[in-house]
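Take a moment to look over the sequence and the model before reading on. The paragraphs that follow lead from charged pairs to helices, and then to single residues and the chain as a whole.

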Amino acid sequence: MAAAPAAAGSGASRGRRAAATVAAWGGWGGRPRPANILLQLRQGQLTGRGLVRAVQEISPLLSMEAMAFVTEERKLTQETTYPNTYIFDLFGGVDLLVEILMRPTVSLRGQKLKISDEMSKDCLSILYNTCVCTEGVTKRLAEKNDFVIFLFTLMTSKKTFLQTATLIEDILGVKKEMIRLDEVPNLSSLVSNFDQQQLANFCRILAVTISEMDTGNDDKHTLLAKNAQQKKSLSLGPSAAEINQAALLSIPGFVERLCKLATRKVSESTGTASFLQELEEWYTWLDNALVLDALMRVANEESEHSQASIVFSPPGASEENGLPHTSARTQLPQSMKIMHEIMYKLEVLYVLCVLLMGRQRNQVHRMIAEFKLIPGLNNLFDKLIWRKHSASALVLHGHNQNCDCSPDITLKIQFLRLLQSFSDHHENKYLLLNNQELNELSAISLKANIPEVEAVLNTDRSLVCDGKRGLLTRLLQVMKKEPAESSFRFWQARAVESFLRGTTSYADQMFLLKRGLLEHILYCIVDSECKSRDVLQSYFDLLGELMKFNVDAFKRFNKYINTDAKFQVFLKQINSSLVDSNMLVRCVTLSLDRFENQVDMKVAEVLSECRLLAYISQVPTQMSFLFRLINIIHVQTLTQENVSCLNTSLVILMLARRKERLPLYLRLLQRMEHNKKYPGFLLNNFHNLLRFWQQHYLHKDKDSTCLENSSCISFSYWKETVSILLNPDRQSPSALVSYMEEPYMDIDRDFTEE
């Protein structure tokens, strides 16, 4: 017999999942038989005789090896071989099973014999076990696009749903090209006939099919690369992910059912403390909702044959063959039911979040509002979403033990991401409030003698949050209590900031200021001296949106930062990374320009007393920011994250142009360039950045609208300023080339990634 290769694994989490899946599918027994089972399988496939028996005989052989793979992996064994699985694959067993599943067997009488659900289950089990133990099998199956599409048709039967869904999930995880859901036969009927449990599990598959394959780390992708991809996409038409999103949205009732799943209440029959205890114990062993379904079915089947309650020992106890046995009395079914709900909501919220960011965003927004997703999540906030979580080291599938991604933590993050997507530049954001809070916004506008926000007036009061507090207020409450080292701070700040994005609303700002948000942010930046760059960036961005054009906010700032020592700490945090703080610098610069043009005693008082405004008003300060902002970015390294540095530098120069000081600022840049021994480098770099800016923004309506709304400077003025700076006439006092020495000029470089 040929030597089997070492098994291919994808980490301990896959091992746990494999153990549970193999066990749940009934693969615990069996011993090798001398007969050539592969030959029996071939003959059965050709003649229709003995096929069931052959499959039933080979299934336990491979199940034993799959379980051995799991137990050996847990023991960190260096060398592991699985001869039966290897031989089965080597002699074409995988391809044969694929053919058996896809093409009905023909009997001697010429009749097509339809294989039973039990037979399909055994075939799927064999394929899964082979994928577990033998390297490359999953990738080979992924290359069989017709087989992958066919697998979806096996999900029509409840008996084969779990096995099929688990195999599809593994296959799609390694598939290079995304499948198209519109190629799945009768997709609408298939999904519509899923029960809620099946639909929730189906969301695990959907997560792979509706997300763009190259956007896993969107902010880190260079804009050059993204622009090139967009041009390519325009010529190719909609991407597979976009086609799949459209296919799902065309299914009647699809979004409504997702909203019901997301807002379904969790059984409260188990106490919080005992639930968390069981959750931690079991989650060290399980990490997949599909596996939980499988084990739940086993437990239910066992209970039907026994009057005694099913009990399992916690995974920390002695185990045989990878499954816990019945010693300590931990009731598994109830724990699994609650775990189900958590895992389901994770997947459902992710799918809704992706749809909210897709091409049909407005359509999804209308449906989510209509089906009351936000009020439903508000009702779950205290009891499920933000109940106190344990400090465990549990990890989710695909993560490592250095992540703090327990189910509780991941549910919170996914919830915050959904809120961010829902609120961002959309008038439906006011659904995050309740009726009393909407009335408060109206009262703020009335007191300030300013027009009430139109979106507030247009909000359907029947769709807003109920109860004493809306979702935004609840979020603010937990945000202020969050520990300094918490990983949630970043996501919380992003979610709240998205509520403020767009056209600046004084009422929205005051609503948050009255709840102590500004003081909380300053405490985190100054007093706790936050070290996390991501958290600092999110807090600076939020602070900028909260203070922009708001005199009351600057008064509150000055009251909190009331000593030179505190102000120096604040400046140190700003200057430590301009990529993180530049949005705040931009907002303060814009606010200063507006305040200087207002005749008001309250404004004059703030201008004379506020340390921050006085600091930003100094030309050397502005030039220092301008020089560094231009110097830290280059066309080849521009991303969605740092392109804001370019726009902030433009804001400084646009405001200088308004005051007819643009030539002064350019001369000072030239002088700083020479003083820093950078002849030609800075201005050449800025020239190239501005050329890229024209290519990038003049063809992107959304980005240009965002620039206009956030700065209150018309986009035409942005374009004019860039054109003036790029004027090739060396006699123009406002053209960059007028300040470049010819030997150092390099302004015609192609924008290609190096």
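A salt bridge is a side-chain nitrogen of Lys or Arg within 4 Å of a carboxyl oxygen of Asp or Glu. The model shown here is a predicted one, and a search of the whole structure finds 25 salt bridges in it. Side chains of opposite charge can pair when their charged atoms come close. One such pair is formed by glutamate 256 and lysine 260, whose closest N and O atoms are 3.9 Å apart, and because the cut-off is 4 Å, a distance of 3.9 Å falls within it. Both residues of this pair, glutamate 256 and lysine 260, belong to helix α14 (residues 254-263), where they are 4 residues apart, about one turn of the helix. An α-helix has 3.6 residues a turn, so residues three or four places apart point the same way. Glutamate 256 has a relative accessible area of 29%, which makes it partly exposed.

A second pair can be found in helix α24 (residues 488-500), which holds both glutamate 497 and arginine 494, 3 residues apart and again about one turn of the helix. Their side chains meet in a salt bridge with an N to O distance of 2.9 Å. Is this pair, glutamate 497 and arginine 494, buried or exposed? Both glutamate 497 and arginine 494 are buried.

A third salt bridge joins aspartate 593 to arginine 658, with the closest N and O atoms 3.1 Å apart. This pair links distant parts of the chain, since aspartate 593 sits in helix α30 (residues 578-596) and arginine 658 in helix α34 (residues 643-658), 65 residues apart. Aspartate 593 counts as buried because its relative accessibility is 8%, a value under the 20% that marks a buried residue, whereas arginine 658, with a relative accessible area of 42%, is partly exposed. Salt bridges can also share partners, and in this way Asp424, Arg494, Glu497, Arg501 and Asp541 are joined into one network.

The helices themselves can be examined in the same careful way, beginning with α11 (residues 196-209). At 1.5 Å a residue, the 14 residues of α11 should span 20 Å, and this agrees with its end C-alpha atoms, which are 20 Å apart. Even so, α11 bends by about 30 degrees at cysteine 203. At the start of α11, a side-chain oxygen of aspartate 195 reaches to within 3.1 Å of the backbone nitrogen of glutamine 197. Why can α11 be called largely enclosed by the rest of the structure? The reason is that 11 of the 14 residues of α11 are buried, among them Leu199, Phe202, Cys203, Arg204 and Leu206.

Helix α6 (residues 117-133) allows a similar check, because its 17 residues, at 1.5 Å a residue, should span 24 Å, and its end C-alpha atoms are 24 Å apart, which agrees. Of the 17 residues of α6, 14 are buried, so that the helix is mostly covered.

Some single residues also repay attention, and glutamate 440, found in helix α21 (residues 435-447), is one of them. Glutamate 440 is buried, with a relative accessible area of 18%, and its side chain makes a polar contact of 3.2 Å with the side chain of lysine 514. Leaving aside residues up to four places away in sequence, glutamate 440 touches Phe511, Lys514 and Arg515.

Two loop residues have a positive phi although neither is a glycine: lysine 372, at about 55 degrees, and glutamate 660, at about 60 degrees. Lysine 372 is found in the loop between α18 (361-370) and α19 (373-385), and at 41% relative accessibility it counts as partly exposed. Glutamate 660 lies in the loop between α34 and α35 (662-675), and at 73% relative accessibility glutamate 660 counts as exposed.

Finally, consider the chain as a whole. The protein chain has 38 helices and 4 strands, and of its 754 residues, 56% count as buried. Among the contacts in the chain with a separation of 6 or more, 79% come from residues 24 or more positions apart. The protein chain exposes about 33,400 Å², and carbon and sulfur atoms supply 50% of this area.

Methods
Residues are numbered from 1 along each chain as its sequence is written. This is a predicted model: local features need pLDDT of at least 70, side-chain atom pairs count only at pLDDT 80 or more; totals for chains, interfaces and linings use all residues. Side-chain values use heavy atoms; hydrogens and water are left out. Helices (H or I, at least four residues) and strands (E, at least two) are DSSP runs, numbered from the N terminus. Buried means under 20% relative accessible area, exposed over 50%, partly exposed in between (1.4 Å probe, protein chains only). The expected span of a helix is 1.5 Å times one less than its number of residues. The bend at a residue is the angle between axes fitted to the seven residues ending there and the seven starting there. A polar contact is a pair of N or O atoms within 3.5 Å; within protein, one must be able to donate a hydrogen and the other to accept it, and residues adjacent in sequence count only if both atoms are side-chain atoms. Contact means heavy atoms within 4.5 Å. Accessible areas come from the Shrake-Rupley method with a 1.4 Å probe; for residues, only the protein chains shown count as cover.
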